[in-house]
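Me: I've got a model open here and I'd like a close look at one spot in it. Could you walk me through that spot and then what lies around it?

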Amino acid sequence: MAKYITKRLLYLLFSLYLIITATFFLMRLAPGNPFTGEKQLPPEIQASLNEHYGLNKPWYVQYGDYLVKIAHWDFGPSFKYNSRTVNDLINDGFPVSLFLGVEAILIALALGTLLGIIAALKHNKWQDYGAMIIAVLGISVPSFIMATVLQYFLAIKWHIFPVARWDSFMHTILPALALASTPMAFIARLTRSSMLEVLANDYIRTAKSKGLGQTAITIKHTIRNALLPVVSYMGPLSAGIVTGSFVIEKIFGIPGLGSHFVMSISNRDYTVIMGVTVFYSIILLSAILLVDIAYGFIDPRIKLTSGKKGE
Amino acid sequence: MEKLLEVKNLEVSFQTYGGEVKAVRGVSFDLHKGETLAIVGESGSGKSVTSQTIMKLIPMPPGKIKGGQILFNGEDIVKKTDKQMEKIRGKEISMIFQDPMTSLNPTMKIGRQIMEVLTKHQNMSTSTAKERAVELLRLVGIPMPEKRVIQYPHEFSGGMRQRAMIAIALAANPKLLIADEPTTALDVTIQAQILELMKDLQSKMDTSIIFITHDLGVVANVADRVAVMYAGQIVEMGTVDEVFYDPRHPYTWGLLASMPSLDNDDKSELAAIPGTPPDLIHPPKGDAFAARNQYAMAIDFEEEPPMFQISETHFAKTWLLHPDAPKVEPPEAVKRRMRKLASTFEKPVLVQEGKS
């Protein structure tokens, strides 16, 4: 197990290196630079800015410098936000995004699996159709529409929750719901189809032939086996969600990390692009690693060995 | 002998998009205490549906018991609710399935899967159940049961898994054990071991067994009585000797003739029954076997044959036993094994409708 994790961590570092390198060069290939704007800067100022940020050095020196800095967890200064470093941006924005993301994941997971289980147990009955209508709505209605609908009814009309901003726990509920709607619907569909598959298995008939009731069969024999696909979906989902959602954060005026992701690209804010990409990758890769480890606990047939996967 | 199970005129159908599949069409048989009844027949003959209906394990819907009774200890199972069935399944009647690879839950330890039965039906505490699970594994011949009990099914071989299945099935000392092709998925040496084990445990626990198989060799080995099923009906039923040495139904002849035997000379080809079983959405008029039967007479295509009784225990559903039927010779391979049995009646007796 320890050997397996060490090996996976090494792979993780290697993947990270590839991601850094690819982003670094793709970013330079894109036309424009951080200092192109409405107003053309005088060449002298441009040159001194380039020198200040080290952009006048040859690309391989910049690349080498960057790798060294990243190894020390230093993402460098932002080109756009004066006197703020990328580390500052991440340190300020990430806790907010993380809180919102975790809340949304918990909502999505709880409601999604619940809907999926009900739908599967009541296959082709009204409960099934009802749950799947909710799921289709959740998948097809984009989160920003869901957000405005929630704001309109729950905040403006009925005054249950505040409309926007990020001050108290009450403020977090609406954005978390909006953020959770799509993954919840996806998890519901995933759970349903996987439950139906498990329920058709011979060992469910065996469980029934032992005289176990429906509840015992569902809890002991079905859910655990049906949750594997959901667990594997949790990896990318949690990475995507905890690193922030640009749209939701904009709508609710939340100071999260999501907006930096998008803004940095159009700003050609090289260090921010690199920083948040690397940060996002680290979260994604660790989430996937955690999911793989969780696999081994859920399904004993999957052995976490440093060679091949068991059976 | 005391009757444990009485199945009377059982009819089971499945509603499908193509129409109603009449999988079991009026099956009647009984089973005594401690007896082993083998049900044989090809795929789709309704043998598995019959046995799963006894435990009400068929999915309902699309399955439906259209008629008949299943009397277990005198009580009609057909009328019981799912809640009442939970007290019967695993405790009074239990089942071993065909494929031990898929019949055990892959994410649950073998011991826990046995303990479930014990805690449910024997009111055992977890720790007593654990000890009992080890004992049961030892009883079914699994070496090092203390170690095996905490392993998962994928750490067991096929034969070991079937032994574990047997341990689960016998955990609550059921009165009836239904074995649905328990050896089909196993290789021949393991088959023999499993059959030996089942016979051994049966004599120890005095359980009745319904043994479903299409392997006549297995039947000869384990059964007291045999029921031959075709197209959802029992076409011949008798003791092992009667069915093997004095078969009367042309379908049974076909089955016996297609069984490879060491006495077969290498010149004669192994016989096969031509054609395929009939469509049970629209069962044929007359005898369901008529289209594949080389001995079929005109009446076979018109009217369903009644049950004839050949001895106290031997029944066959064919017009060939009618007094007006011409005398026919069974195939060579069957004739060679034919014997005169002392219990046979002078003449086949027509069984009155609704009884067998």
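Me: Is A:Ser181 buried or exposed, and why does it get that label?

Reply: Keep in mind that this is a predicted model. A:Ser181 counts as buried because its relative accessible area is 7%, and the cut-off for that label is under 20%. The residue is found in helix H7 of chain A, which covers residues 169-199. Leaving aside residues up to four places away in sequence, A:Ser181 touches A:Gly138 and A:Met146.

Let's zoom out to the chain that holds this serine. Chain A has 13 helices and zero strands, so by the DSSP runs used here every element from the N terminus on is an α. Of its 311 residues, 45% are buried, and A:Ser181 is one of the buried ones. Take the contacts in chain A between residues at least 6 apart in sequence: 71% of them join residues at least 24 apart. Along the principal axes, the C-alpha atoms fill a box of roughly 85 × 60 × 30 Å. The accessible surface comes to about 15900 Å², with 69% of it belonging to carbon and sulfur atoms. As for charges, chain A carries 26 positive and 17 negative ones, and the mean positions of the two sets are 12 Å apart.

H7 also turns up at the largest pocket, where it supplies at least two residues of the lining. That pocket has a volume of about 1200 Å³. It is lined by 30 residues, and the closest to its centre are A:Lys208, A:Gln214, B:Pro59, B:Met60 and B:Pro61. Besides H7, helices H4 (86-121), H8 (202-209) and H9 (214-226) of chain A each supply at least two lining residues, and so does helix H2 (82-88) of chain B. H8(A) gives the most, with four residues.

H4(A) is a handy link to one more part, since it is included in what covers the buried residues of H12(A). Helix H11 (246-252) and helix H13 (270-298) of chain A are included in that cover too. H12 itself spans residues 258-267, and its buried residues include A:Gly258, A:Ser259, A:His260, A:Ser264 and A:Asn267. Just after this helix, A:Arg268 takes a positive phi of about 55°.

Note on methods. Residues are numbered from 1 along each chain as its sequence is written. Chains are lettered from A and ligands numbered from 1 in the order in which they are written. This is a predicted model: local features need pLDDT of at least 70, side-chain atom pairs count only at pLDDT 80 or more; totals for chains, interfaces and linings use all residues. Side-chain values use heavy atoms; hydrogens and water are left out. Buried means under 20% relative accessible area, exposed over 50%, partly exposed in between (1.4 Å probe, protein chains only). Contact means heavy atoms within 4.5 Å. Accessible areas come from the Shrake-Rupley method with a 1.4 Å probe; for residues, only the protein chains shown count as cover. Lys and Arg count as positive and Asp and Glu as negative; His and the chain ends are not counted. The place of a charge is taken as NZ of Lys, CZ of Arg, CG of Asp or CD of Glu. On a 1 Å grid over the protein atoms alone, a cavity is a set of points where a 1.4 Å probe fits but cannot get out, and a pocket is an open set with protein on both sides within 12 Å along at least five of seven lines; lining residues have an atom within 4 Å of a point. Grid points are joined across faces, edges and corners, and a volume is the space filled by probe spheres set on the points.
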